[in-house]
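Work through the exercises below with the sequence and coordinates open. Each task is followed by a solution in steps.

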Amino acid sequence: MGRKLDPTVKVKRGPGRKARKQKGAETELSKFLVDDDGPKKLSSRSRKRAIKRAQVTKEPKQEEKSKKGFSDENSKWLKPTQRKRKIEQSEEDEDSDSQWEEEDDDEDEEGFVKKEMEEEDDDDEDMVDDYGADEGDEQDSDGEELLPIERAARKQKKQTSKKPGSDDDEDEDEEEEDDDDEEDEKDDLKEDEEEEEDTVQANFDETETFKLPAAADRAKEGLLQMDLQTIHQRIRDNVDVLSHFSEKREEGKERSEYLSLLRSDLCTYYSYNEFLISKLMDIFPVSELIDFLEANEIQRPVTIRTNTLKTRRRDLAQALINRGVNLDPLGKWSKVGLVIYDSSVPIGATPEYLSGQYMLQGASSFLPVMALSPQEGESVLDMSAAPGGKTTYMAQLMRNTGMIVANDANADRLKSVVGNIHRLGVTNAVICNYDGRQFPKVMGGFDRVLLDAPCSGTGVISKDPGVKTGKDEADVLRSAHLQKELILSAIDSVNADSPTGGYLVYCTCSIMVEENEWVVDYALKKRNVKLVPTGLDFGKEGFIRFKERRFHPSLKLSRRFYPHSQNMDGFFVAKLKKLSNTIPTAPRETDEVESTKTETAASSEQIQKPESKQQKPASTPEKSNMGKKQKLKPEKSETPIITKKAGVKSENKKSDGPKKAKIAKLDGETSKKSAKPNKKQKVKELNGDSTKEVVIEKKKGSQFEKNNKTKNKNLLKKNKNRMGKNKFKKLKNMVGQ
Amino acid sequence: MNTAGFDGFGNVEVRVFIRDGGENRSQPTSTGLQELDAQLSFGENVHSAIGENIRLLIDRPDGTYCFRLHNDRVYYMSERILKLATNISRDKLVSVGTCFGKFTKTQKFRLHITALDFLAPYAKFKVWVKPGSEQSFLYGNHIMKSGLGRITENTAQYQGVVVYSMADVPLGFGVAAKTTQECRKVDPMSIVVFHQADIGEYIRSEDTLT
């Protein structure tokens, strides 16, 4: 609105008041509206961009030129590099970009950049003066990464490329380690790489020479909360040093110091107690230890076992996939296992689960049953059955034939066994609630026995993190003691003469040597059993020696499983075969006539063997009762001939007094007891026998009693002085009548 | 000892009497297990079917089986296991073979879900439930007409039935609330099968199994 605009009317311009009056719309508009007359007028930025665009096309040409040789005056003495490193190239580009804004002289920039790259390979001396300036430009753009001192150091380094001398202390170690060994080019390359790494990792230099914090510092740390990142970094560096100890160690610092620092760091970072970490450090080498600890932080994959009594793995997998479960077969080693990756329905509550078509079970729990491999129609004992996974697996392998006795000491946990057995349709099971140690008394003569002993649980830390801090020396030893008792009971429950069996599988979910190899070794010493291959072809072999202990070499046949290597819970499995039903007695565990077959006889047996041969006829009376003595009488008559040779006088002196008491009692025990203190010397023992024999004979041949007594007395008195010759006749006379 | 009647699955008064099972009858009462001498009469319904087929449960091709009473529960096991189980003392024995059910304090017999596998093959009357209502039944709810897939013909009212899923997986026991004919006519929200026992009890009431 307003008056009509008349373009012919001149508008006043100028600073005056009238000029400032509002002009018509058209005049105002005409300022803005510009006809498209000719080319667009560019702003400063767009101008630059246009220039850049133009330059990009020029660049490749220029680069090619520079590769061959420089177009500017430096081409004579500048040699292009063979190697173009990407990082520098990209930097170059960026730099050039940024610098184009400032300068239009692009070629020079590039030239300078190129120069730097080549200079590193070329004679450094010629280029000193130019170089510094260029480098300064170059690195200003990088800016943050290099301090002036570092730049100067670099310069110097390049000048004195072969000499290890350098102003920068931090680079010294690297140079010393690397430069000395390599040629020029390699030196330079290495330096480049180091520099690159230097710039990338700010704290690289510190860890290169991993310095142990002094004791005072460590004490301080207890007060300050060190953040986990730092600790983790320190752990990694420490492990690195320990792995290449001779190269990376700090002078004057012992390995034990590094180890103790590592130990405390691991305790803090992974929340273990000192005891457990020390134990783990004994079992694993340092690098494996870290893997183990990391593996314990995450859960093992969920695995299920198909119940072949009710379904097949194929059908079950199909049914579960239809429900929305993502699964896979467990591995080559199992025909019934499936591993569950994820599931839209709770895997422990599907109708298939409820109808008993599968059971949730850890992969490591498959192994002892596979090792035991119970056959159809056998009688099997499961001493620690709860919650019933292994029991039901055995039942399915036996096709519900034979009989399984599932025992557990804990009545509450037995309920789960009952539930699982009924759910999976096992009909051949008897469930009872005994302490495992009572077993051979309750019932014995099983074909196979499975003992999944209660343990400290160090293999299942991922399931129960409380083990990390809750277990200590006493717990482990207590478990070990219980396990030893249980394994002996288990062995006694096996029938060695079983036509199809005679096997025991001992397993634990622990990785401690005290609970595994030591217990099996103990069993080998105490009973007539031997180790046989488990039939599991994967897993690590059991230890033969550990710290100061030495185990029987057949322990190699046992197997260890770890979370970080087999991706299943930590486990130990050993399969034993019983050779004979007789139990070696406690004081004479070596001197067993029947057990000639055992290869696994304890070392003590070997020591006593030479003795035992001689001792056999004479020693049997000590062990047994009077009845046996009487039986062995004819044999004994010979031995006194031998025994009475030596030290007769001394012994008989002693025995004169108590003889009468012996005659009165005629008790095997008392004679034994009297003989026992004489056990120290072989000779004395034998003499002890001889006195007993005299007693027996007296007892029996009562009519000769008096005669013998008198004869003995007389003869003994005579023989006090005389030793050696014609003893035989005299003894004969003494005894024969 | 004759039976009384039975009112619904849960309150069957059962006396188990092993007829002509000579081997089973005269077992000496050794340490753990007493013999049951009672009349097995489940009435006219499913149980009469079982009554005829009880022989099949006892004289099986793979050996003779028997029922034994222990701690008020009835267990079904083979003779072999029976012999070996006598070694175990009464207070330590928890379970033998399969538990079929238990006698309540008033001496009524209550059949457990654990007997399902044995009774299911002999069931005369079956009910199939649709996939959608499967979960509902497994939680302990009754089956409604909307969830009913199939039902055997001539099912009488209050007849004991075995419940299956559409995949022929046995899910549990129930009692028909309506006859087959009525089931066709009735509205979708009314109950057709009363819940008695289902396999979900393995999780829900694990403790009561022993």
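**Exercise 1. Sheet topology**

In what order do the strands of the open sheet of 6 strands in chain B run, and with what pairing?

Solution.
- Step 1. The model is a predicted one. Reading across the sheet in chain B gives β9-β13-β12-β11-β8-β10, and the pairing is mixed.
- Step 2. The ends of that order are the edge strands, β9 and β10 (148-151) of chain B, each of which pairs on one side only.
- Step 3. Take one pair inside the sheet: strand β8 (residues 126-129) and strand β11 (residues 160-165) of chain B run parallel and are joined by 4 bridges.
- Step 4. To fix the register of this pair, note that Lys126(B) has Val162(B) in β11(B) as its bridge partner.

**Exercise 2. Pairing between chains**

Find the strand of chain A that is joined to β5(B), and give the direction of the pairing.

Solution.
- Step 1. The strand is β7 (residues 429-432) of chain A; 3 bridges connect this strand with β5(B).
- Step 2. The two strands run antiparallel.
- Step 3. For the register, Ser95(B) in β5(B) lies opposite Ile431(A).
- Step 4. Strands of a sheet pair through backbone hydrogen bonds, either parallel or antiparallel.

**Exercise 3. The interface**

Describe the contact between chain B and chain A by area, polar pairs and composition.

Solution.
- Step 1. Count residues: 30 of chain B are in contact with 31 of chain A.
- Step 2. The two chains bury about 2600 Å² between them, and 65% of this is on carbon and sulfur atoms. On the chain B side, Ile88(B), Lys92(B) and Tyr202(B) lose the most area to chain A, together 19% of what that side buries.
- Step 3. Look for charged pairs with a cut-off of 4 Å between side-chain nitrogen and carboxyl oxygen. The rule finds 2 salt bridges across the interface. In the one between Asp117(B) and Lys310(A), the closest N and O atoms are 3.1 Å apart.
- Step 4. Polar contacts between chain B and chain A amount to 10 residue pairs, with both residues at pLDDT 80 or more.
- Step 5. Assign the chain B side to elements: at least two residues each come from α3 (79-85), β5 (93-96), β6 (98-103), α4 (116-119), α5 (131-138) and α7 (201-204) of chain B.
- Step 6. By class, the residues on this side are 15 nonpolar, 9 polar and 6 charged.

**Exercise 4. Backbone details in chain A**

Which peptide bond is cis, with omega near -5 degrees, and which residue other than glycine has phi near 40 degrees?

Solution.
- Step 1. The cis bond runs from Ala386(A) to Pro387(A). Pro387(A) sits in the loop between β5 (379-382) and α19 (389-397) of chain A.
- Step 2. The positive phi belongs to Ser373(A), in the loop between α18 (366-372) and β5 of chain A.

**Exercise 5. Confidence**

State the confidence of the model, overall and by chain.

Solution.
- Step 1. The model has an ipTM of 0.79 and a pTM of 0.60.
- Step 2. Chain B has an average pLDDT of 73, with 73% of the residues scoring at least 70. Residues 1-46 of chain B have pLDDT below 50, and beyond near neighbours in sequence this stretch makes 114 contacts in the model.
- Step 3. Within chain B, the lowest mean is 33, in helix α1 (residues 22-25), and the highest is 92, in strand β9 (residues 143-144).
- Step 4. Chain A averages 72, and 56% of the residues score at least 70. Residues 164-186 of chain A have pLDDT below 50.
- Step 5. Residues 587-655 of chain A also stay under 50, with 102 contacts beyond four places in sequence.

Conventions. Residues numbered from 1 in each chain as written. Chains lettered and ligands numbered in written order. Heavy atoms only, no water. pLDDT = per-residue confidence, 0-100. Contact = heavy atoms within 4.5 Å. Buried area = accessible area lost by both parts, 1.4 Å probe. Polar contact = N/O pair within 3.5 Å; in protein donor to acceptor, adjacent residues only side chain to side chain. Nonpolar A, V, L, I, M, F, W, Y, C, P; charged D, E, K, R; others polar. Pairing = 2+ DSSP bridges.
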